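Dear colleague,

Please find below the structure I promised to hand over, with its sequence. My notes on it follow directly afterwards.

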Amino acid sequence: MRLMALVCTLSSALLLVRADVDVPITQHWNGGFQGEACIDITQELHTWTMTLTFDQPINSLNAYQADVTESKDGGKVYVLHNKDWNKDEHVGDKLCVGFQGAATGDIVPKVTASLQGVVGGGTSLTTEAPVTGQTVAPNATFTPGARLKVEGTHFTYNGQRIFLSGGNLPWISYAYDFGEGQWQYRKNQLADQLKKLHEAGGNSMRLWIHIQGETTPAFDSNGFVTGLDTKGTFINDFIDLLNLAQSYNILLTPTLWNGAVNQDNHNRLDGLVKDPAKLQSYIDKALTPWAQAVKGHPALGSWDIMNECEGMLNTDVSDPDPCFDVTPLKNSGAGWAGKKYSYREFLRFYNWQAAAIKAVDPEYLISVGVSNPRFNTDSFGNVDHYSDSCLVKAGGKPEGVMDFYQFHSYSWQGKFDQSAAFVNSAGDYGTTKPIVVGEFWEQDGGGMTTVQMFDWVYNHSYAGAWSWDLMAHGDNQRPAIMHISNYTHNGPIPITVQ
């Protein structure tokens, strides 16, 4: 009604067009079907409504990137309205709305779509653009099943305590695995790694996604994020990956960013860390749509915001608040990749992204990977910079905290320091959250073999072990994963992802 009133008031300034275009049905089965309408945006929109018209009544409709606000004409017409996070669409964007319909029998309905919007300046306008199909990965919709959950200092899955055992992939081609049509060239290799991990008795894998923004997400010339990628394949790529993982009973943890190296010559990651407006553009245009699209997928174990931000910490930054004072870390090795950022900047970066993910689904689990436990504990004379209180101080969002801790543990010159996971039990860190030892390998294992390292992590009350890395060292690490696969006293390992 509000839109129609505005149309009437400003009728001399409006272009009203109703040109229905065909929408492809990409999957169908007995009882339902899937489709996706992708429309190129040719004017700045402040809010929008899409209407889907079917040639026959359907029982119900669910959409991934919009709210279904109305059903008309006996179930033939459905009105979809934007989510809050995607209300603003810009010239050059591609608005894609995927949907699943419930029907009686195995039908392939004919569907047409039209798009209405209000431009950013406030003038009401109806706009049309050709609708093109985008291949949707198999099972792009799913019924939420079992979830990885936190119970005290350990994990549960499907109501049973479990131990996360597996490794880091971490990439097939560094920063070139997902989006931009790249997945089709990586899929077979990644599927092979999932298969090998499953056969070794593992149940989980950590892998890297954006890294430093080399190919995803998509940025404009000013460093603001415009989407997950420019070709519109990212979400389908990732859902296809999750489906593969589910078929091998593997839980996946995507690592969004990497702070262990400094090759951000385009300053894309730099902008997100330093500029809250640019970070918000990533949240609005990429992270929230991604989290929405995969909500409830049984193979998504958790989210890892960043790998080892300590690599780019500026240890010359002093602060009266211990949460943000980096000067005590001058001799810790922090800043090895360049002294670029303060803890205030990094912790805001984490807090906002964690809060955005939780806003989509409060049951999502979130961590960050720290290069040494000393940065993430108050024990041994250290400061836990990633505590709930430090994160909320930095970003102001109470929900933007970590559900579990993820420690990386490597020896230096053949020895582990006093904070290392391989000289301590999980309880020595004084946290009430689960701890996953998220990176370790035999090369810097303080003289321990990989089998001994997996044994240590399992037998010292940690909640999980992910070795580094399965691509380069899988032949060494998979036998160790197999070695603990039948252990049960700290939680069984094999699961059925359902």
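The notes below take up a disulfide, a helix pair, a sheet and a single loop residue in turn. Please bear in mind throughout that this is a predicted model.

Disulfide

The structure holds 1 disulfide. It is formed by cysteine 323 and cysteine 390, whose sulfur atoms lie 2.0 Å apart. The torsion about the S-S bond of this pair is about -75°, so the disulfide is left-handed. Distant parts of the chain are linked in this way, the two cysteines being 67 residues apart. Cysteine 323 belongs to the loop between strand 20 (303–307) and helix 6, while cysteine 390 sits in helix 7. Both cysteine 323 and cysteine 390 are buried. Another cysteine, cysteine 309, has 0% relative accessibility and therefore counts as buried, the cut-off being under 20%.

Helix pair

Cysteine 390 also takes part in the contact between helix 7 and helix 6. Helix 6 covers residues 343–360 and helix 7 residues 388–395; they pack at an angle of about 95°, with their axes 8 Å apart. Angles of 65 to 115 degrees count as roughly perpendicular, and helix 6 and helix 7 are therefore roughly perpendicular to each other. On the side of helix 6, the residues involved are Arg344, Leu347, Arg348, Tyr350, Asn351 and Trp352. Helix 7 meets them with Cys390, Leu391, Val392, Ala394 and Gly395. Sorted by class, this contact comprises 7 nonpolar, 2 polar and 2 charged residues.

Sheet

Strands 12, 13 and 14 form an open sheet in the order 12-13-14, with antiparallel pairing. Strand 12 (148–151) and strand 14 (160–162) are at the edges, each with a single partner strand, so one side of each has no neighbour in the sheet. From one strand to the next, the twist averages 45°. Strand 12 is joined to strand 13 (residues 154–157) by 4 bridges, and the two run antiparallel. Within this pairing, lysine 149 stands opposite threonine 156 of strand 13.

Valine 108

Valine 108 is found in the loop between strand 8 (94–102) and strand 9 (111–119). Its relative accessibility is 48%, so valine 108 counts as partly exposed. Apart from neighbours within four places in sequence, valine 108 is in contact with Ile25 and His28. Phenylalanine 33 is 75 residues from valine 108 in sequence, yet the C-alpha to C-alpha distance between the two is 7.2 Å.

With kind regards

Notes. Residues numbered from 1 in each chain as written. Predicted model: local features only at pLDDT ≥ 70, side-chain atom pairs only at ≥ 80, totals over all residues. Heavy atoms only, no water. Pairing = 2+ DSSP bridges. Axes fitted to C-alpha atoms, helices over the stretch in contact; angles between N-to-C directions. Parallel < 35°, antiparallel > 145°, perpendicular 65-115°, else oblique. Contact = heavy atoms within 4.5 Å. Nonpolar A, V, L, I, M, F, W, Y, C, P; charged D, E, K, R; others polar. Disulfide = S-S within 2.5 Å. Buried < 20%, exposed > 50% of the residue type's maximum accessible area, 1.4 Å probe, protein only.
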